[in-house]
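Hi,

Here is the structure I promised to pass on. Have a look at it first, and then read my notes underneath.

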Amino acid sequence: MQAILDHLTNTLIEAGTNKQLLCIHGGRSKDFYGNPQALHPPKLDLTPYQGILDYEPSELVITARAGTRMQDLEKTLNDQGQMLAFEPPCFNLSTTLGGCVAAGLSGPRRAYAGAVRDYVLGVKLLDGKGNVLSFGGRVMKNVAGYDVSRLMVGAMGTLGVLLEISLKVLPRPASERTLGFQVAMNKAIAIMRECAGSPLPVSATCFVDNHLYIRLSGAESAIRAAHGKLGGEWLSDDMHFWNAIRHHTHPFFTMKSMLWRLSVKATTPPLSLPGTQMIEWGGALRWLAMDEHDCHPAVIRDLASSAGGHATLFYGDKTVAPVFHPLSPALLTLHRRLKDQFDPAGILNPQRMYTEL
């Protein structure tokens with residue numbers, strides 16, 4: 001692996017010297033996500049830099065190289081009865097750990113167990129000048145002060161080339177079962193809100209196709225008690241359902257030509273928008289599937305802003321609107337300062353996040 005690391009380092013140094021733009025990628029499962037890179041810069045492939053470096057199940061920490069496939073990492077955890085609690089979506093079998101952290105996407109359990117950044121303990125990376133930098137560590141007590149390692153979560157590779165990541169893991173629940181309800185959207189949001197304010201063992205919620213699904217995780221006795229309070233019918237093949245929501249293989253995600261991802265306050269009432277909606281995270285995540293001419297992007301973003309959140313064009317025609325919600329002048333200035341520190345020549349994943357950077 002040292003030869004691969006030397007190659008990556010030398011490539012970064014040479015690219016920085018010549019101001020040669022680079023496109024960082026792993027399994028390329030998320031090439032659709034983010035702004036397109038119009039200049040088609042040379043690719044920097046991280047997939048050869050793979051492998052689990054350290055895993056102590058009793059310590060609930062795993063460290064692996066960025067090119068490690070998520071299916072391999074999660075199989076290792078599953079064999080020990082453990083899991084990545086944020087349930088990252090893997091859009092195909094080639095999804096890598098580096099891509100998972102760089103995209104910063106979390107799955108159905110996120111609202112109840114935390115997001116990707118909550119589980120990143122430390123990272124090793126190459127900055128835009130080819131320097132190897134390490135932040136954080138492999139235990140929680142190392143994550144103090146300015147938590148630079150978590151800056152890399154969701155940065156889309158614009159601040160550095162991830163090499164190694166240490167993650168906190170959790171034991172798998174003793175039992176999991178899912179309740180289903182046939183309800184209207186406003187009623188589904190009300191039930192989600194009630195669940196959030198009660199000590200029920202809820203680990204995921206999803207409203208789709210006029211049905212609300214509530215996953216319960218924990219001791220069997222707690223799950224039975226929650227069923228008695230909530231009612232509903234048991235879903236027979238709930239593992240298949242939640243995997244389809246997590247990995248976006250559910251028919252909802254491909255039913256229209258555009259998919260918007262709206263993060264809003266969980267208490268937000270049903271959004272008056274055309275298209276078809278799916279709701280996750282107790283009401284805080286609203287997916288909107290629509291065709292290109294159903295609604296102007298500015299209307300969607302204004303509505304998301306008024307609901308205390310933002311809207312991302314997850315996939316579809318990227319020429320109709322910027323992929324990510326426009327930043328305020330203050331936030332844009334902060335992003336520019338970070339970019340200048342980590343990648344002063346501006347060579348890493350140009351325009352992948354914001355075209356202004």
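Below is what turned up, starting with the sheet and moving on to the cores and the rings.

One thing to keep in mind: this is a predicted model.

The sheet first. Five strands make up an open sheet, and going across it you meet them in the order β3-β4-β8-β6-β7, with antiparallel pairing. The edges are taken by β3 (52-56) and β7 (132-136); each has a single partner strand, so one side of each has no neighbour in the sheet. From one strand to the next, the twist averages 10 degrees. If you want a spot to zoom in on, try β6 (residues 120-126) and β8 (residues 161-168), which pair in the antiparallel sense over six bridges. There you'll find Gly-122 opposite Ser-166 in β8. Also look for helix α2 (residues 70-79), which lies across β3 and β4 (61-65) and runs at about 20 degrees to β3.

Now the insides. In soluble globular proteins, nonpolar side chains tend to be buried together. Here the largest nonpolar core has 31 residues, and Leu-84, Leu-97, Met-152, Leu-162 and Ile-165 have the most contacts inside it. Two or more residues each come from β4, α2, α3 (97-103), β6 and β8, and α3 gives the largest share of this core, with four residues. What does Leu-97 touch, leaving aside its neighbours within four places in sequence? Its contacts are Ala-64, Arg-65, Ala-66, Thr-68, Met-70, Leu-73, Ile-165 and Leu-167. Apart from this core lies another one, of 26 residues, including Val-208, Tyr-213, Phe-324 and Met-353.

On to the aromatics. The structure has 14 aromatic pairs. One of them is Phe-252 with Phe-253, an edge-to-face pair at 5.4 Å centre to centre and 85 degrees between the planes. Are these two rings' residues buried or exposed? Buried means under 20% relative accessible area, so Phe-252, at 2%, counts as buried, and so does Phe-253, at 1%. Both also belong to a cluster linked by ring pairs, together with Phe-32, Tyr-33, Phe-91, Trp-287, Phe-314, Phe-324 and Tyr-354.

Last, two arginines that sit over tryptophan rings. The charged end of Arg-110 is over the ring of Trp-281, 5.3 Å from its centre. Arg-215 lies over the face of Trp-242, 5.2 Å from the ring centre.

Cheers

Terms used
Residues numbered from 1 in each chain as written. Predicted model: local features only at pLDDT ≥ 70, side-chain atom pairs only at ≥ 80, totals over all residues. Heavy atoms only, no water. Pairing = 2+ DSSP bridges. Axes fitted to C-alpha atoms, helices over the stretch in contact; angles between N-to-C directions. Contact = heavy atoms within 4.5 Å. Core = buried A, V, L, I, M, F, W, Y, C linked by side-chain atoms within 4.5 Å. Buried < 20%, exposed > 50% of the residue type's maximum accessible area, 1.4 Å probe, protein only. Phe/Tyr/Trp six-rings, centres within 6.5 Å; stacked < 30°, edge-to-face > 60°. Lys NZ or Arg CZ within 6 Å of the ring centre and 35° of its normal.
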